[in-house]
Amino acid sequence: MAEDEINYPTEHMRTVGKNAHKDWGDDTDAVRATLNQAMAAKDSFGSIPALAQYGSVFEQVKEVCLQAIAGAKTDLQSVADGITNSAKNTQDQDDAAEAALAGTWQNWQQGPLESESRRDEAAATPEAQAAAAVTDQAEAETGLPHSGGPAAGAEPNTDTRDDGAMPAEAGTGTDENAVP
C-alpha cells in the first residue's frame with residue numbers, strides 16, 4: 001500500500017459514517033447552544049454609546065462564530081456522507097469482483113474450457129487422427145507407453161476440476177530430461 005492510500009475495512013467506514021456524524025452534529029449543536037447562551041446580548045452592554053457600539057460588534061462576532069459552527073456541522077455531515085458513500089462503493093466493487101471471480105471459477109469447474117474445446121477440435125481432424133494411429137501403432141510395436149496428445153476418442157483430463165479446489169501448480173515433479 002502506498003503512503004498516500006487510505007485503507008479501512010468497509011464495516012468500520014459504515015460505522016464512522018453512520019454514527020460519528022450524529023456525534024459530530026450533536027457536538028456542534030451543543031457548542032452553538034452554549035455559545036448562544038453564554039455570550040452576552042447586545043443590549044446587556046448598556047446605553048452608553050461606546051458600550052452600545054461594543055455590544056453591536058460583540059453581537060456580530062457572536063453571529064460569525066455561530067455561523068462558522070453551523071458551517072462546520074454541514075462540513076462534518078459532508079465528510080460522514082463521503083465516508084458512507086466510499087464504504088458503499090468499496091463494498092459494491094468487492095461484490096462485483098467476487099461475482100466475476102465466482103463466474104470464472106464456475107466456468108473452470110464446469111467447462112468446457114477453451115483449451116479443451118480447441119484440443120478436441122484439433123484432435124478430430126483427419127490429420128490428427130492419422131498421427132494418433134501412427135502413434136498407437138508405434139506403441140504397439142515397441143511396447144512403449146503412449147506419450148503424445150489424446151488418442152482418438154480419449155476422455156479429456158479433468159483432474160484439475162474434480163475437487164473444487166484451485167489446481168496445483170504444474171511442473172512440481174522432477175524429470176531428468178527436462179530443460180530448465
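A residue counts as exposed when its relative accessible area is over 50%, as buried when that area is under 20%, and as partly exposed in between. Take Arg118: at a relative accessible area of 58%, this residue is exposed. Keep those cut-offs in mind, since they come back all the way through this predicted model.

Let's start with the overall layout. The protein chain has four helices and zero strands, so if you read along the sequence you simply get α-α-α-α. Of the 180 residues in the protein chain, buried ones make up just 12%. The chain exposes about 13,700 Å², and carbon and sulfur atoms supply 55% of that area. As for who touches whom, take the contacts between residues at least 6 apart in sequence: 66% of them join residues at least 24 apart.

Now for helix H2, which covers residues 49-110. With 62 residues, H2 reaches 91 Å from its first C-alpha to its last, close to the 92 Å expected at 1.5 Å a residue. Which residues of H2 are buried? They are Gly55, Phe58, Lys62, Leu66, Ile69, Ala80 and Ala87; note that a lysine, Lys62, is on that list. After H2 comes Gly111, with a positive phi near 60 degrees.

Helix H1 takes up residues 10-38, and Thr28 is a handy spot from which to look across to H2. Thr28 sits in H1 and is buried, at 10% relative accessibility. Set aside the neighbours within four places in sequence, and Thr28 is in contact with Ile69, Lys73 and Leu76. Ile69 has already come up as one of the buried residues of H2.

Lys73 has a second partner in H1, and this one is charged. Side chains of opposite charge can pair when their charged atoms come close. Here the side chains of Asp29 and Lys73 meet in a salt bridge, at 2.9 Å from N to O. Asp29 lies in H1 and Lys73 in H2, so this pair ties together parts of the chain that are 44 residues apart in sequence. How accessible are the two ends? Asp29 is partly exposed at 35% relative accessibility, and Lys73 is partly exposed too, at 32%.

That bridge is one of five salt bridges in the structure. Another one sits within H1: Glu11 pairs with Arg14, and their closest N and O atoms are 2.8 Å apart. Why are these two separated by about one helical turn? Because they are three residues apart in H1. Glu11 has a relative accessible area of 48%, which makes it partly exposed; Arg14, at 29%, is partly exposed as well.

For an aromatic view, go to the loop between H1 and H2, where you'll find Phe45. A search of the whole structure turns up three aromatic pairs. In one of them, Phe45 and Tyr54 are edge-to-face, with 5.3 Å from centre to centre and 75 degrees between the planes. Phe45 also pairs with Phe58: their ring centres are 5.3 Å apart and their planes lie at 55 degrees, so this pair is tilted. The Phe45-Phe58 pair links distant parts of the chain, from the loop to helix H2, across 13 residues. Together, Phe45, Tyr54 and Phe58 form one aromatic cluster. Phe45 and Phe58 are both buried, whereas Tyr54 is partly exposed at 46% relative accessibility.

Further along the chain is helix H3, residues 114-123. This is where Arg118 comes back in: its side chain meets that of Glu114 in a salt bridge, at 2.8 Å from N to O. Both residues lie in H3, four residues apart, which is about one turn of the helix. So the Arg118 of this bridge is the exposed residue from the opening, at 58% relative accessible area.

Last comes helix H4, residues 126-142. What span should its 17 residues have at 1.5 Å a residue? The expected figure is 24 Å, and the end C-alpha atoms are indeed 24 Å apart, which agrees. Just after H4, Gly143 takes a positive phi of about 80 degrees. Gly111, the residue that follows H2, has a positive phi as well.

Note on methods
Residues numbered from 1 in each chain as written. Predicted model: local features only at pLDDT ≥ 70, side-chain atom pairs only at ≥ 80, totals over all residues. Heavy atoms only, no water. Expected span 1.5 Å × (residues − 1). Buried < 20%, exposed > 50% of the residue type's maximum accessible area, 1.4 Å probe, protein only. Salt bridge = Lys/Arg side-chain N within 4 Å of Asp/Glu carboxyl O. Contact = heavy atoms within 4.5 Å. Areas by Shrake-Rupley, 256 points an atom, 1.4 Å probe, with all protein chains shown as cover. Phe/Tyr/Trp six-rings, centres within 6.5 Å; stacked < 30°, edge-to-face > 60°.
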